[in-house]
Amino acid sequence: MARRKYVVGNWKMNGLVAALGEAQAIFAAAGTHPSVDVALCPPFTLIGAMVTAAPGAAVGGQDCHAAASGAFTGSVAASMLVDTGASLVIVGHSERREGFGETDADVKAKAEAALAAGLSVILCVGEPREVRESGGAIDYVLAQIAGSLPESFDPARLAIAYEPIWAIGTGLVPTVVDVADMHGAIRTKLREQSGAAATIRILYGGSVNGENAAELLDAGDVDGALVGGASLTAGKFVPIVEAAAALG
Ligand code: PGA
């Protein structure tokens, strides 16, 4: 079945109010490519301003807490993201799993909370370098999916992002064959675990840029890209959107 291409920018801990012009330029260019879904996930502090600056654009968070409210200093609930105009959230990014000790169970709880609040979810998985080198990448990633996929969900509101940790921010990318093999394995796993595999989009992330996007986006079972560094400016991000649009 045809799945619309989905290109998502993860600004991580980058971006002040002065960066909103880049977001406006990105969403203006995205509007000329209606076959591609484009979203940006800025820091929490910019979500409301970005929604105001680019009305109708898909703007999301990079994390949320699993609880609805309470004594969790510094955290943000899914309903708060909705309240500020967000329509999606990234959960389980490797920088959260590694840097903040998030487990598969934590990621699953966050995904379920986000879906319950009405957000779309991008659930990240990906192996560290030593696991790739030892040949265990597919088993590792499928175990992450087994542990972090929500129990039940609308497949139109859930995407998986495969992001090998060693490829994030390093300029290294897996071979197209390795990406296709991993995405195919994830699709099979989703079919077994959820029965909704045909609808769920599987994004590749890790050092995607304007030069390698066409090849990566054309790999088997790749439905889009989750982009970090190259999503911060229109000059770097729009070519990735254009590469997706060229593939339909
Ligand atoms: P990168 O980050 O594109 O800078 O490698 C991707 C990500 O972490 O989502």
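In the predicted model, a ligand oxygen atom lies 2.7 Å from an N or O atom in the side chain of His93. The side chain of Lys12 likewise places an N or O atom 2.7 Å from an oxygen atom of the ligand. A polar backbone atom of Gly169 is also found 2.7 Å from a ligand oxygen atom. In total, the ligand is surrounded by 13 residues, of which Lys12, His93, Glu163, Gly169 and Ser207 are the closest.

Two of these closest residues, Lys12 and Ser207, were examined for backbone conformation. Most residues other than glycine have a negative phi. Lys12, which is not a glycine, nevertheless has a positive phi of about 50°, and Ser207, also not a glycine, has a positive phi of about 60°. Lys12 is located in the loop that runs between strand E1 (5–10) and helix H1 (20–30). Ser207 belongs to the loop between strand E7 (201–205) and helix H9 (213–217). Ser207 counts as buried because its relative accessibility is 17%, the cut-off for this class being under 20%.

The backbone of Lys12 is in turn contacted by Gln62, whose side chain reaches the backbone oxygen of Lys12 at 2.9 Å. The side chain of Gln62 also reaches the backbone oxygen of Pro42, at 3.2 Å. Gln62 itself is situated in the loop between strand E3 (58–61) and helix H3 (78–83). With a relative accessibility of 19%, Gln62 is classed as buried. When neighbours within four places in sequence are set aside, the contacts of Gln62 comprise Asn10, Trp11, Lys12, Met13, Cys41, Pro42, Pro43, Val89 and Ile90.

Pro42 is also among the residues touched by Ile47, a residue of helix H2 (residues 44–53). The relative accessible area of Ile47 is 0%, and the residue is therefore buried. Beyond residues up to four places away in sequence, Ile47 touches Val59, Gly60, Gly61, Leu81, Thr84 and Ala86 in addition to Pro42. For the pair Ile47 and Gly61, a sequence separation of 14 residues corresponds to a C-alpha to C-alpha distance of 7.3 Å.

His93 and Glu163, both listed among the residues closest to the ligand, are also contacts of Cys124. Cys124 forms part of strand E5 (residues 120–125) and, at 1% relative accessibility, counts as buried. Apart from neighbours within four places in sequence, the remaining contacts of Cys124 are Ile90, Val91, Gly92, Arg97, Ala161 and Leu226. Ile90 thus appears in the contacts of Cys124 and in those of Gln62. In contrast to these contacts, Cys124 and Val82, 42 residues apart in sequence, have C-alpha atoms 20 Å apart in space.

The packing of helix H7 (residues 137–148) against helix H8 (residues 176–194) was also characterised. The axes of H7 and H8 come within 10 Å and cross at roughly 35°, and the crossing of H7 past H8 is right-handed. On the H7 side, the contact involves Ala137, Ile138, Val141, Leu142, Ile145 and Ala146, whereas H8 contributes Asp181, Met182, Ala185, Ile186, Lys189, Leu190 and Gln193. By residue class, the contact of H7 with H8 contains 10 nonpolar residues, one polar residue and two charged residues.

Ile186, one of the H8 residues in this contact, is buried, as its relative accessible area is 0%. Residues up to four places away in sequence being excluded, Ile186 touches Val141, Leu142 and Ile145, together with Ile160, Tyr162 and Ile202. Val141, Leu142 and Ile145 are residues of H7. Between Ile186 and Pro34, which are 152 residues apart along the chain, the C-alpha separation is 27 Å.

The segment between H7 and strand E6 (158–162) is a loop that includes Ala156. Ala156 counts as exposed because its relative accessibility is 55%, the cut-off for exposure being over 50%. The C-alpha atom of Ala156 is separated by 24 Å from that of Val238, a residue 82 positions away along the chain.

Technical notes:
Residues numbered from 1 in each chain as written. Predicted model: local features only at pLDDT ≥ 70, side-chain atom pairs only at ≥ 80, totals over all residues. Heavy atoms only, no water. Axes fitted to C-alpha atoms, helices over the stretch in contact; angles between N-to-C directions. Helix = DSSP H or I, 4+ residues; strand = E, 2+ residues; numbered from the N terminus. Left-handed = near helix turned anticlockwise from the far one by under 90°. Contact = heavy atoms within 4.5 Å. Nonpolar A, V, L, I, M, F, W, Y, C, P; charged D, E, K, R; others polar. Buried < 20%, exposed > 50% of the residue type's maximum accessible area, 1.4 Å probe, protein only. Near = heavy atom within 4 Å. Polar contact = N/O pair within 3.5 Å; in protein donor to acceptor, adjacent residues only side chain to side chain.
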